[in-house]
Amino acid sequence: MSQPRPSAPHADDARPVLIYDGHCRFCIQQASRLERWVNGAVRMRSFRDAGVIERYPGLTLAQCDQALQLVEPSGRIHSGAAAIATAFRLRPMLAPVGWLYCLPGIRQIADWGYRLVARNRFRLPGDVCTDDACRQHRP
């Protein structure tokens, strides 16, 4: 399983940045999948890499440890299921799925499901686990 391709930071790169947990095998797999689905519309960064959190004002380690984060060029931050929905809206073919998140009831269900998966992400199977992080996070 290959990790998401971290693109080199460029001041002129106006794409949103999707920040994921690079020590979580499930997170790496899903971030790679989302990167493919949005076809390069976002830059991928692991918050575990040095300097990533500090680069984005308003972003904290606690936020990143709890959920995927999407940072827009304006600095606006979307978290968890909202980050995924926002990323979907960047690709015309997936935009309708992203807009479904805004419907009454759908947001609550998506957020609940995201939190459930996020709490258990180190128990989920996957091909990649770096620095023995998965074993360290299991109860």
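This report describes the largest pocket of a predicted model and the surroundings of Asp21.

Local features require pLDDT of at least 70, side-chain atom pairs count only at pLDDT 80 or more, and totals for chains, interfaces and linings use all residues. Residues are numbered from 1 along each chain as its sequence is written, and side-chain values use heavy atoms, with hydrogens and water left out.

The largest pocket has a volume of about 640 Å³. A pocket is an open set of points on a 1 Å grid over the protein atoms alone, where a 1.4 Å probe fits, with protein on both sides within 12 Å along at least five of seven lines; lining residues have an atom within 4 Å of a point. The volume is the space filled by probe spheres set on the points, which are joined across faces, edges and corners. Of the 30 lining residues, Gln30, Leu68, Ala81, Ile84 and Tyr114 are the closest to the centre of the pocket. Helix H1 (25-37) is among the elements giving two or more residues to the lining, and H1 provides the largest share, seven residues. The lining comprises 22 nonpolar, four polar and four charged residues.

Asp21 lies in the loop between S1 and H1. Asp21 counts as buried (under 20% relative accessible area, 1.4 Å probe, protein chains only) because its relative accessibility is 4%. Its side chain takes part in the pairs below.

| Partner of the Asp21 side chain | Distance |
|---|---|
| His23, backbone nitrogen | 2.9 Å |
| Arg48, side chain (polar contact) | 2.8 Å |

A polar contact is a pair of N or O atoms within 3.5 Å, one able to donate a hydrogen and the other to accept it within protein; residues adjacent in sequence count only if both atoms are side-chain atoms. Leaving aside residues up to four places away in sequence, Asp21 touches (heavy atoms within 4.5 Å) residues including Arg48, Asp65 and Arg121.

Conventions:
Helices (H or I, at least four residues) and strands (E, at least two) are DSSP runs, numbered from the N terminus. Ala, Val, Leu, Ile, Met, Phe, Trp, Tyr, Cys and Pro count as nonpolar, Asp, Glu, Lys and Arg as charged, and the others, Gly among them, as polar. Buried means under 20% relative accessible area, exposed over 50%, partly exposed in between (1.4 Å probe, protein chains only).
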